[in-house]
Amino acid sequence: MRAMVFTAVGQPLVERDLARPDPGPGAVRLDVRACGVCRTDLHIVDGELQRPKLPLVLGHQIVGTVNALGAGVTRFAPGQRVGVPWLAWTCGRCRYCQGGRENLCDEALFTGYDVDGGFAEETVADERYCFPIPDGYPDVQAAPLLCAGLIGYRAYSFAGAAERLGLYGFGAAAHIVCQVARAEGRRVFAFTRPGDTDGQAFALGLGAEWAGGSDERPPEELDAAIVFAPAGELVPAALAACGKGSSVVCAGIHMSEIPAFPYELLRGERSLRSVANLTRADGEAFMRAAPAVPVHTEVTVFPLAEAGAALETLRSGSVRGAVVISVATPG
Ligand SMILES: [Zn+2]
Ligand SMILES: [Zn+2]
């Protein structure tokens, strides 16, 4: 099977023929149809997440159809469309796993990081961590639901019952969360890179009532903010934009250093927290919520052989919504 392989920091992805992966016990093998590209993939190729399996097939927002079953598979059948998220495996025994917080498991394995992911024609995944994909979503539009969507949704749940919600960084995750928030009657304030008028127009088109640069203050105080952009300086900016009793949620897996800030920005029972990974319960909740909104994902699509260009396009911030790799089956 063809795959785009990451070999070392600073090296471009290389196209290789790899052996078809074997579905071990409890795993399904998929014909990959589409795979979303995530900011986390950039953190891996840039060496900011420091212990990837090497060589590695990136990609953790996989939509595929089952083509083989490992021993004991019961949840899925051949031909079924399945989604594979970032969380690939957890121990099931530790205090986090037993307490419904498997996203925090110390032994967790992640797709496209510890195990090969979806920048390939085929992949294997533990069936227990896969999700059925809601009908009505084409493959490329379903892919961003699997990380941008469901980790965004987890972050959104930690924002609480905010009437006025700020979204810092209006990329794949924010464009989904914005739609969910609007459907629930919340007021959305979108922050983009300063001067990104196209991104601001995109946010307004998705129902944000105000959009501006991340160096601007919103026209009124916010009740919560989610920081999707990996820029530490946005944390004190978001706290400064939020009122008493508000929550600021950092949704990324990596962030540049947060600058020191006066206690005044946190006082008044403001809270600051991060979000790590996802649980299967998050995935199930979001896969029910997305078609009910309904969430529409805006995607820019690249063929598998251009996965490297897809990463650089995401880095440039020049696309609206999500970047997705479409994997056409040859013949
Ligand atoms: Zn991701
Ligand atoms: Zn565990």
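Leaving aside its neighbours within four places in sequence, with which residues is Arg 29 in contact? In this predicted model, where contact means heavy atoms within 4.5 Å, Arg 29 touches Arg 20, Pro 21, Pro 23, Thr 65, Val 66, Asn 67, Ala 68, Glu 122, Thr 123 and Val 124. Residues are numbered from 1 along each chain as its sequence is written, while chains are lettered from A and ligands numbered from 1 in the order in which they are written. As the model is predicted, local features need pLDDT of at least 70 and side-chain atom pairs count only at pLDDT 80 or more, whereas totals for chains, interfaces and linings use all residues; side-chain values use heavy atoms, with hydrogens and water left out.

Arg 29 is found in strand E3, and with a relative accessible area of 11% this arginine is buried, a word that stands for under 20% relative accessible area, with exposed meaning over 50% and partly exposed the range in between (1.4 Å probe, protein chains only). Helices and strands are DSSP runs numbered from the N terminus, helices being H or I of at least four residues and strands E of at least two. Strand E3 is mostly covered, 9 of its 11 residues being buried. Two strands are said to pair if DSSP finds at least two bridges between them, and E3 pairs in the antiparallel sense with strand E8 (residues 122-126) over 5 bridges, where Leu 30 stands opposite Thr 123. Strand E4 runs antiparallel to E3 and is joined to it by 7 bridges, with Cys 35 opposite Ile 62, and strand E17 (residues 322-326) pairs with E3 in the antiparallel sense over 4 bridges, with Val 37 opposite Val 323.

The loop between strand E3 (27-37) and helix H1 (39-45) holds Cys 38, and this residue leads to the metal site. The zinc ion (ligand 1) is coordinated by Cys 38 (SG), His 60 (NE2) and Cys 147 (SG) at 2.0 to 2.2 Å; donors are N, O and S atoms within 2.8 Å of the metal (3.2 Å for Na, K and Ca), and since water is not among the atoms, sites may look incomplete. The spacing of the donor residues in sequence is C-x21-H-x86-C. Cys 38 and His 60, the latter in the loop between H1 and strand E4 (62-69), lie 22 residues apart and link distant parts of the chain, and both residues are buried. The loop between H1 and E4 also contains Pro 55, which is joined to Leu 54 by a cis peptide bond with omega of about -15°.

Further along the chain, 6 strands form an open sheet with parallel pairing in the order E12-E11-E10-E13-E14-E15. Its edge strands, each pairing on one side only, are E12 (210-213) and E15 (271-274), and the twist averages 20° from one strand to the next. Within this sheet, E13 (residues 222-227) and E14 (residues 242-250) pair in the parallel sense over 5 bridges, and Leu 222 stands opposite Cys 242. Angles here run from 0 to 180 degrees between N-to-C directions, the axes being lines fitted to C-alpha atoms, for helices over the stretch in contact. Helix H6 (residues 197-205) lies across strand E11 (187-192) and E12, running at about 160° to E12, whereas helix H7 (residues 234-241) lies across strand E10 (164-168), E13, E14 and E15, at about 150° to E14.

Thr 192 lies in strand E11 and, at 4% relative accessibility, counts as buried. Neighbours within four places in sequence left aside, its contacts are Phe 170, Gly 199, Gln 200, Gly 212, Gly 213 and Ser 214.

Two residues depart from a common backbone pattern. Most residues other than glycine have a negative phi. Glu 269, in the loop between E14 and E15, has a positive phi near 60° and is exposed, with a relative accessible area of 72%. Asn 277, in the loop between E15 and H8, also has a positive phi, of about 60°, but at 13% relative accessibility Asn 277 counts as buried.
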